[in-house]
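Me: I have a new model open and want to learn how to read it. Can you take me through it feature by feature?

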Amino acid sequence: MKHMKWYPWILAPLLLLGCAGPALAQVYYQYPAVRPVQWFIDGGASITQGQAGADFDNGWTVGTGVMFRPNPAQPFALRFELNYARSEATNQFIALNEAATNTPIDNGSLQTITGFLDGVVEAPVSPWARLYATAGVGLGYRRIELTQNGFFCDVFFCGSGFGHDTLVASSDSTRFAWNAGAGVNFVMPGGQAWFIEARYERIETPTPTEFVPIRFGFRF
């Protein structure tokens with residue numbers, strides 16, 4: 001399946017949202033400084049790229065982590081995060097593997113678990129909005145599964161058969177991973193923040209596993 005690489009259009013709204021802040025700042029009070037330690041949760045879309053984009057549809061992602069600011073008055077922070085993402089196999093990928101294995105295949109999936117240590121640099125543009133850039137390194141676990149759904153038919157009956165979601169084939173790999181991206185924090189009076197972030201992530205498997213998560217989240 002051919003994917004439209006529309007993710008660069010996400011970055012433009014991020015910049016516009018942040019840069020619009022100065023025009024509105026006069027109606028807001030100065031919010032307190034952000035907290036030195038903040039936990040966060042997030043979720044959103046995972047846009048597959050490269051070979052992963054050819055073999056798997058766009059999927060979804062969820063994650064959590066913690067951010068440390070050694071000096072909240074400075075624009076630098078460290079972030080540790082753990083993320084899970086899943087995408088379903090394209091019909092073409094399933095058909096190619098059916099032909100290669102001579103085995104019926106009903107479903108397929110790409111699942112990743114990534115852990116990153118990131119550096120973050122923030123640029124306040126108003127009392128309530130902060131642009132930031134981030135990049136980091138870590139480890140990425142990737143699992144590809146091909147399964148049969150156990151649906152059974154004969155000339156008299158169709159229904160669930162034995163071996164529901166029977167595993168036909170799988171591949172597991174843990175490799176070095178890295179990411180880079182940008183986002184906007186929307187700070188709240190209590191120091192919490194909503195954020196939206198887009199970035200490029202890559203797991204260095206023999207054929208690189210690439211995707212662009214677009215995440216919405218909350219820091220507290």
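Reply: We start with the overall fold, then turn to strand pairing, the surface and the salt bridges. Keep in mind that this is a predicted model.

Me: How many helices and strands does the protein have?

Reply: Count the elements before looking at details. Here there are four helices and ten strands. Next, read their order along the sequence. The pattern is α-α-β-α-β-β-α-β-β-β-β-β-β-β.

Me: Which strands make up the closed barrel?

Reply: Follow the pairing from strand to strand until you return to the start. In this model eight strands close into a barrel, in the order β1-β2-β3-β4-β5-β8-β9-β10, and the pairing is antiparallel. From one strand to the next, the twist averages 25°.

Me: How many bridges pair β1 with β2?

Reply: Take one pair at a time. Ten bridges link β1, residues 37-49, to β2, residues 59-68, in the antiparallel sense. One position to check is isoleucine 41, whose bridge partner in β2 is threonine 64. Move on to β3, residues 76-88: nine bridges join β3 to β2, again antiparallel. There, valine 62 faces tyrosine 84 of β3.

Me: Which residue of β10 stands opposite phenylalanine 195?

Reply: That one is glycine 217. The strands involved are β9, residues 193-203, and β10, residues 209-219. They run antiparallel and are joined by nine bridges.

Me: What share of the contacts links residues 24 or more positions apart?

Reply: Ask how far apart in sequence the contacting residues are. Among contacts with a separation of 6 or more, 66% are between residues 24 or more positions apart. Then ask about burial. Of the 220 residues, 43% are buried. For the outside, the accessible surface is about 11,600 Å², and carbon and sulfur atoms account for 68% of that surface.

Me: Which residues form the nonpolar patch on the surface?

Reply: Look for nonpolar side chains that group together on the outside. The patch here consists of Val37, Trp39, Ile41, Phe68, Leu78, Phe80, Leu82, Ile113, Leu117 and Phe220. Together they have about 950 Å² of accessible area. Then ask which elements contribute. Strands β1, β3 and β4 each give at least two residues to the patch. Leucine 78 is one of the members. It sits in strand β3.

Me: Is leucine 78 buried, partly exposed or exposed?

Reply: Use relative accessible area. Leucine 78 has 45%, so it counts as partly exposed. The partly exposed class lies between the 20% and 50% limits.

Me: Which residues does alanine 169 contact beyond its neighbours within four places in sequence?

Reply: Locate the residue, then list what it touches. Alanine 169 belongs to strand β8, residues 166-187. Its contacts outside that sequence window are Ile144, Glu145 and Leu146. Distance in space is a separate check. The C-alpha atoms of alanine 169 and threonine 147 are 7.1 Å apart, with their positions 22 residues apart in sequence. Alanine 169 is partly exposed, because its relative accessibility is 30%.

Me: How many salt bridges are there?

Reply: Look for acidic and basic side chains that meet. The count is 16 salt bridges. Take arginine 215 and aspartate 42, whose side chains meet at 3.9 Å, N to O. Arginine 215 is in strand β10 and aspartate 42 in strand β1, so this pair ties together parts 173 residues apart in sequence. Now check burial for each partner. Arginine 215 is buried at 2% relative accessibility. Aspartate 42 is also buried, at 11%.

Me: How far apart are the closest N and O atoms of arginine 143 and aspartate 172?

Reply: They are 2.7 Å apart, in a salt bridge. Arginine 143 lies in strand β5, residues 129-148, and aspartate 172 in strand β8, so parts 29 residues apart in sequence are tied together. The burial of the partners needs two readings. Arginine 143 is buried at 18% relative accessibility, while aspartate 172 is partly exposed at 42%.

Me: Which residues do salt bridges with shared partners join into one network?

Reply: First read one more pair. Glutamate 210 and arginine 202 form a salt bridge at 3.6 Å, N to O. Glutamate 210 is buried at 16%, and arginine 202 is partly exposed at 22% relative accessibility. For the network, trace shared partners: Asp42, Arg79, Glu81, Asp118, Glu197, Arg199, Glu201 and Arg215 are joined into one.

Conventions
Residues are numbered from 1 along each chain as its sequence is written. This is a predicted model: local features need pLDDT of at least 70, side-chain atom pairs count only at pLDDT 80 or more; totals for chains, interfaces and linings use all residues. Side-chain values use heavy atoms; hydrogens and water are left out. Two strands pair if DSSP finds at least two bridges between them. Patches are made of residues with over 30% relative accessible area and no salt bridge: like charges are joined within 9 Å, nonpolar side chains (Val, Leu, Ile, Met, Phe, Trp, Tyr) within 5 Å. Accessible areas come from the Shrake-Rupley method with a 1.4 Å probe; for residues, only the protein chains shown count as cover. A salt bridge is a side-chain nitrogen of Lys or Arg within 4 Å of a carboxyl oxygen of Asp or Glu. Buried means under 20% relative accessible area, exposed over 50%, partly exposed in between (1.4 Å probe, protein chains only). Axes are lines fitted to C-alpha atoms, for helices over the stretch in contact, and angles run from 0 to 180 degrees between N-to-C directions. Contact means heavy atoms within 4.5 Å.
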